[in-house]
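Reader: Before I rely on the labels attached to a model, I like to ask what stands behind each of them. Could you take me through the reasoning?

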Amino acid sequence: MAHDLRDVRFVTVAEVADMMRVSRMTVYRLVHSGELPAIRFGRSFRVPESAVEQLLHTAAVRESDVADSA
(Lines give C-alpha, C1' and ligand atoms only; values in the text may rest on other atoms or scores of the structure.)
Protein backbone atom coordinates (compact mmCIF):
# COMPACT_ATOMS: atom_id res chain seq x y z
CA MET A 1 0.00 0.00 0.00
CA ALA A 2 1.80 3.11 -1.23
CA HIS A 3 1.19 6.49 0.35
CA ASP A 4 1.66 9.84 -1.28
CA LEU A 5 3.95 11.76 1.08
CA ARG A 6 1.72 14.79 0.68
CA ASP A 7 -0.96 12.80 2.51
CA VAL A 8 1.29 11.82 5.44
CA ARG A 9 1.10 14.05 8.51
CA PHE A 10 4.24 14.03 10.63
CA VAL A 11 4.28 14.90 14.31
CA THR A 12 7.13 15.74 16.67
CA VAL A 13 8.31 13.56 19.54
CA ALA A 14 6.73 16.04 21.98
CA GLU A 15 3.40 15.80 20.14
CA VAL A 16 3.58 11.99 20.19
CA ALA A 17 4.32 12.05 23.93
CA ASP A 18 1.29 14.28 24.45
CA MET A 19 -0.96 12.06 22.31
CA MET A 20 0.15 8.93 24.15
CA ARG A 21 0.36 10.61 27.58
CA VAL A 22 3.91 9.36 28.11
CA SER A 23 7.28 11.07 28.47
CA ARG A 24 9.38 12.13 25.49
CA MET A 25 12.00 9.61 26.65
CA THR A 26 9.45 6.81 26.26
CA VAL A 27 8.79 7.96 22.69
CA TYR A 28 12.53 8.01 21.95
CA ARG A 29 12.81 4.45 23.31
CA LEU A 30 9.96 3.32 21.04
CA VAL A 31 11.65 4.97 18.05
CA HIS A 32 15.08 3.51 18.80
CA SER A 33 13.65 0.02 19.41
CA GLY A 34 11.85 0.13 16.06
CA GLU A 35 8.38 -0.17 17.61
CA LEU A 36 7.52 3.30 16.32
CA PRO A 37 8.75 4.29 12.86
CA ALA A 38 10.27 7.75 12.54
CA ILE A 39 12.24 9.86 10.13
CA ARG A 40 15.23 11.81 11.33
CA PHE A 41 15.50 15.46 10.29
CA GLY A 42 18.81 16.81 11.47
CA ARG A 43 18.87 16.22 15.20
CA SER A 44 15.13 15.66 15.60
CA PHE A 45 12.66 12.95 14.68
CA ARG A 46 9.28 13.14 12.98
CA VAL A 47 6.77 10.35 13.34
CA PRO A 48 3.93 9.61 10.92
CA GLU A 49 0.71 10.32 12.78
CA SER A 50 -0.78 7.13 11.35
CA ALA A 51 2.01 5.12 13.03
CA VAL A 52 1.07 6.59 16.42
CA GLU A 53 -2.58 5.75 15.82
CA GLN A 54 -1.64 2.19 14.81
CA LEU A 55 0.54 1.71 17.89
CA LEU A 56 -2.25 2.95 20.17
CA HIS A 57 -4.79 0.71 18.42
CA THR A 58 -2.52 -2.33 18.77
CA ALA A 59 -1.96 -1.57 22.45
CA ALA A 60 -5.72 -1.20 23.02
CA VAL A 61 -6.42 -4.54 21.31
CA ARG A 62 -3.76 -6.27 23.41
CA GLU A 63 -5.17 -4.71 26.58
CA SER A 64 -8.65 -5.87 25.60
CA ASP A 65 -7.40 -9.41 24.97
CA VAL A 66 -5.69 -9.48 28.38
CA ALA A 67 -8.85 -8.23 30.11
CA ASP A 68 -11.00 -10.83 28.30
CA SER A 69 -8.74 -13.70 29.34
CA ALA A 70 -8.68 -12.66 33.01
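**Labels and their grounds**

Author: Let us begin with Arg21, which sits in the loop between H1 and H2; please keep in mind throughout that this is a predicted model.

Reader: Why is Arg21 called exposed?

Author: The label exposed requires over 50% relative accessible area, and Arg21 has a relative accessible area of 74%, so Arg21 is exposed.

Reader: What is notable about the phi of Arg21?

Author: Phi of Arg21 is near 60°, which is a positive value in a residue other than glycine. A positive phi also occurs at Gly34, which follows H2 and has a phi near 90°.

Reader: How do you know that the buried residues of H2 line one face of the helix?

Author: The buried residues of helix H2, which spans residues 24–33, are Val27, Leu30 and Val31, and the cut-off for that label is under 20% relative accessible area. Seen down the axis of H2, these buried residues fall within an arc of 100°, so they line one face of the helix. The general background is that an α-helix has 3.6 residues a turn, so residues three or four places apart point the same way.

Reader: And which exposed residues does the face of H2 turned away from its buried side carry?

Author: That face carries Arg29 and His32, both of them exposed.

Reader: What makes E1 and E2 the edge strands of the sheet?

Author: The open sheet is formed by 3 strands in the order E1-E3-E2, with antiparallel pairing. Strand E1 (10–12) and strand E2 (39–41) each pair on one side only, and these are the edge strands. Neighbouring strands of this sheet are turned by 40° against each other on average, direction ignored.

Reader: How do you know that E2 and E3 pair?

Author: Pairing calls for at least two bridges between the strands, and E2 and strand E3 (residues 44–48) are joined in the antiparallel sense over 3 bridges, so by that definition they pair. Within this arrangement, Arg40 stands opposite Phe45 in E3.

Reader: Where does helix H1 lie with respect to the strands?

Author: Helix H1, residues 13–20, lies across E1 and E3, and runs at about 85° to E1.

Reader: What is the volume of the largest pocket, and which residues are closest to its centre?

Author: Its volume is about 230 Å³. Of the 16 residues that line the largest pocket, Val8, Pro48, Glu49, Ser50 and Ala51 are the closest to its centre. Helix H3 (residues 49–69) supplies the largest share of the lining, namely 5 residues.

Methods. Residues are numbered from 1 along each chain as its sequence is written. This is a predicted model: local features need pLDDT of at least 70, side-chain atom pairs count only at pLDDT 80 or more; totals for chains, interfaces and linings use all residues. Side-chain values use heavy atoms; hydrogens and water are left out. Helices (H or I, at least four residues) and strands (E, at least two) are DSSP runs, numbered from the N terminus. Axes are lines fitted to C-alpha atoms, for helices over the stretch in contact, and angles run from 0 to 180 degrees between N-to-C directions. Contact means heavy atoms within 4.5 Å. Buried means under 20% relative accessible area, exposed over 50%, partly exposed in between (1.4 Å probe, protein chains only). The arc is that of the directions from the helix axis to the C-beta atoms. On a 1 Å grid over the protein atoms alone, a cavity is a set of points where a 1.4 Å probe fits but cannot get out, and a pocket is an open set with protein on both sides within 12 Å along at least five of seven lines; lining residues have an atom within 4 Å of a point. Grid points are joined across faces, edges and corners, and a volume is the space filled by probe spheres set on the points.
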